[in-house]
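Biologist: Could you examine one residue of this protein closely, and then set it in the context of the rest of the chain? A connected account would serve me better than a list.

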Amino acid sequence: MKKFLGIALALALVTPSGSASAEVLKNLKVGGALDFQANSAKNVRDFVSQDNDRIGNALTRVMVNTNWDLLDDIHANVSLVKNDRAWGNVGNTGQVGAQSNGSAGAQPIGTAGANVLGSVYLQQANVKVDKFIGAFDAVVGRQFFGEPGDLVIYVGPKNNYGMYVTALDAFRLDWANDMVGFTGLAGKATGNDPATNNQADVDVRGFDVGVKGLPVKLNAFVWNKVSHDTLAAGAQKADYLWVYGLKSKIEAMGGWAGLQFAMNSGENRTIGGGASGNYTGKAAILDLGYKADISNVGAFTPWVNIGAGTGRISTKENKIGGFKSIASDYRPGIINGRFNNVSDYNMQVQAGGDVSTNGLENRIVMGVGLKTTPAMADKLVVGLSFTDYRFQTATDGDATFIMADGRTHNNKHIGSEVGITADWKHSENVSYGVGLAKFLPGGYIYENNRKAGKGVNAATLCFADLSLKF
């Protein structure tokens with residue numbers, strides 16, 4: 001699939017204009033986005049100034065999307081992404097060693113090393129079939145899925161540090177009428193070489209059903225992720241995770257109220273590691289807001305967002321009580337939302353691991369804020385926010401709550417964040433914004449850092465972003 005679409009795109013670029021090329025890329029549409037992210041931050045890595053925990057950089061991400069008709073009822077979609085380069089560096093894995101390729105910071109097009117061609121990734125490559133078996137729209141191949149910020153599943157462009165892009169190889173069906181909409185998906189998050197017998201694949205499948213035409217928007221969903229173990233002797237097990245729940249939202253008279261509830265079931269059958277057991281986690285998010293327009297003054301939008309997810313109650317029981325998502329993008333806050341790259345650049349504590357909040361496993365998050373648009377500058381949105389982060393449970397014996405000296409503690413407060421942002425909508429396709437934020441460490445961070453002989457300092461961030469769609 002990817003090879004075919006890549007060949008078709010290459011042929012279109014080298015074939016002269018005329019009837020032949022028109023058939024290769026019929027009704028071709030090219031669009032995309034340029035995103036810019038500048039960061040000046042301190043202590044976001046480990047809350048310790050003495051470790052020279054500082055960031056000062058500018059990053060860019062370019063996405064080019066191409067869509068065309070292969071046939072009247074079959075449509076192709078290809079997305080190319082490049083987001084490896086910080087300003088002043090070459091990019092890719094050779095940021096230091098490849099400086100000799102031209103002037104400092106220049107990235108070669110296709111020579112050996114960290115070249116441009118080796119840093120452009122094919123993130124989407126799929127075809128859409130209209131009226132599949134007479135009823136559905138089917139999308140087959142590598143694709144984005146879900147909505148940014150979703151608690152349960154989202155793959156696609158993110159606004160975190162480095163502006164990551166994820167995708168899923170899947171078969172997707174969509175169907176809708178005036179009352180009901182349906183989306184179903186089955187695919188691979190991780191796969192292996194078909195020639196090997198080491199099938200440690202990760203399968204993702206599920207569906208979402210939404211009811212339309214009611215005062216309340218209502219969706220029900222069921223998702224399943226199966227992480228297969230390798231086929232080594234004695235290890236033919238798998239991790240079966242189910243996530244199911246409801247989402248509802250009502251909008252009236254300038255206000256809105258949304259509620260999402262999700263539950264886990266299934267069983268982790270992998271051998272050893274203490275994680276084996278039955279999934280029992282639960283999570284909920286409450287989202288409230290109201291927009292008030294005051295004549296000749298401006299618009300004011302206060303909001304509240306509260307999220308809670310269960311943690312593990314006891315490590316001695318055969319239960320996995322922490323709420324698990326399929327691929328969560330719930331990253332509340334400014335600093336927490338940006339420095340939340342799972343395995344790359346997270347907020348961490350000394351010998352205590354990751355304290356950033358992505359999803360709602362063992363978390364209680366409470367956020368309040370206010371957005372305002374003055375009447376004299378209707379393209380400007382100024383926001384104030386406060387977000388507090390806590391662990392839901394502090395389990396005796398859980399590695400998360402064992403400090404550097406080996407003593408277990410019960411302080412569950414991770415920290416609080418305050419921030420101010422200003423966004424300007426230049427046009428329909430161009431927007432930019434700046435912001436300041438500070439993350440104040442809580443008792444959990446203080447205890448871990450001090451027991452490790454380290455200081456405790458607030459994390460700060462100053463940023464400037466630009467987004468251009470074309």
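Modeller: T66 touches L28, K29, V30, A76, N77 and V78, when residues up to four places away in sequence are not counted. These contacts are read from a predicted model. The residue belongs to strand β2, which covers residues 54-71. T66 counts as buried because its relative accessible area is 7%, and the cut-off for that class is under 20%. A further position can be located relative to T66: L25 is 41 residues away in sequence, yet the two C-alpha atoms are 9.7 Å apart in space.

Such links across the sequence can be set against the protein as a whole. Of the contacts with a separation of 6 or more, 60% are between residues 24 or more positions apart. The protein contains four helices and 25 strands. Of its 470 residues, 41% are buried. Its accessible surface comes to about 23200 Å², and carbon and sulfur atoms account for 59% of that area.

A second buried position worth comparing is D84, found in the loop between β3 (74-82) and β4 (121-132). D84 counts as buried because its relative accessibility is 19%, and the limit is under 20%. Its side chain makes a polar contact of 2.8 Å with the side chain of K82. Another polar contact, of 3.5 Å, joins the side chains of D84 and S119.

The strands that follow can be traced through their pairing. Strand β5 (residues 136-143) and strand β8 (residues 168-176) run antiparallel and are joined by seven bridges. Within that pair, D137 has D174 in β8 as its bridge partner. β8 in turn runs antiparallel to β9, with eight bridges between them, and L173 stands opposite G184 in β9. The connection from β8 to β9 is a hairpin through three residues.

The next step leads from strand β9 (residues 180-190) to strand β10 (residues 202-211), an antiparallel pair with ten bridges. Here G187 faces V204 of β10. β10 also pairs in the antiparallel sense with strand β11 (residues 216-228), over ten bridges, and V202 stands opposite S227 in β11. These two strands, β10 and β11, form a hairpin with four residues between them, and in the turn G213 has a positive phi of about 80°. As a general point for reading such strands, side chains in a regular strand alternate between the two faces of the sheet.

The nonpolar interior is best approached through its largest core. That core has 49 residues, and F339 and F439 touch the most other members. Strand β25 (residues 459-469) supplies the largest share, three residues. Apart from this core lies another, of six residues, including A33, V81, F144 and V165. The surroundings of F439 draw on several parts of the sequence: beyond its neighbours within four places, F439 is in contact with F47, I335, M347, Y389, I414, G415, S416, E417, I445, A458 and A459.

One of those contacts, I445, is also among the buried residues of helix α4 (residues 443-451), together with G443, Y444, N448 and N449. The buried residues of α4 pack against β19 (348-349), β22 (380-391), β23 (413-425) and β24 (430-441). An α-helix has 3.6 residues a turn, so residues three or four places apart point the same way. After α4 comes G453, with a positive phi near 75°.

M347, another contact of F439, is also touched by D354. D354 lies in strand β20 (residues 353-354), and its full set of contacts beyond four places in sequence is N346, M347, Q348 and R363. Because its relative accessibility is 35%, D354 counts as partly exposed, whereas T66 is buried at 7%. The side chain of D354 takes part in a polar contact of 3.1 Å with that of N346, and in another of 2.6 Å with the side chain of S356. D354 and R45 are 309 residues apart in sequence, with their C-alpha atoms 9.6 Å apart in space.

To return to the residue at the start, T66 is a buried position in strand β2, in contact with residues that include V30 and V78.

Terms used. Residues numbered from 1 in each chain as written. Predicted model: local features only at pLDDT ≥ 70, side-chain atom pairs only at ≥ 80, totals over all residues. Heavy atoms only, no water. Core = buried A, V, L, I, M, F, W, Y, C linked by side-chain atoms within 4.5 Å. Buried < 20%, exposed > 50% of the residue type's maximum accessible area, 1.4 Å probe, protein only. Contact = heavy atoms within 4.5 Å. Pairing = 2+ DSSP bridges. Polar contact = N/O pair within 3.5 Å; in protein donor to acceptor, adjacent residues only side chain to side chain. Areas by Shrake-Rupley, 256 points an atom, 1.4 Å probe, with all protein chains shown as cover.
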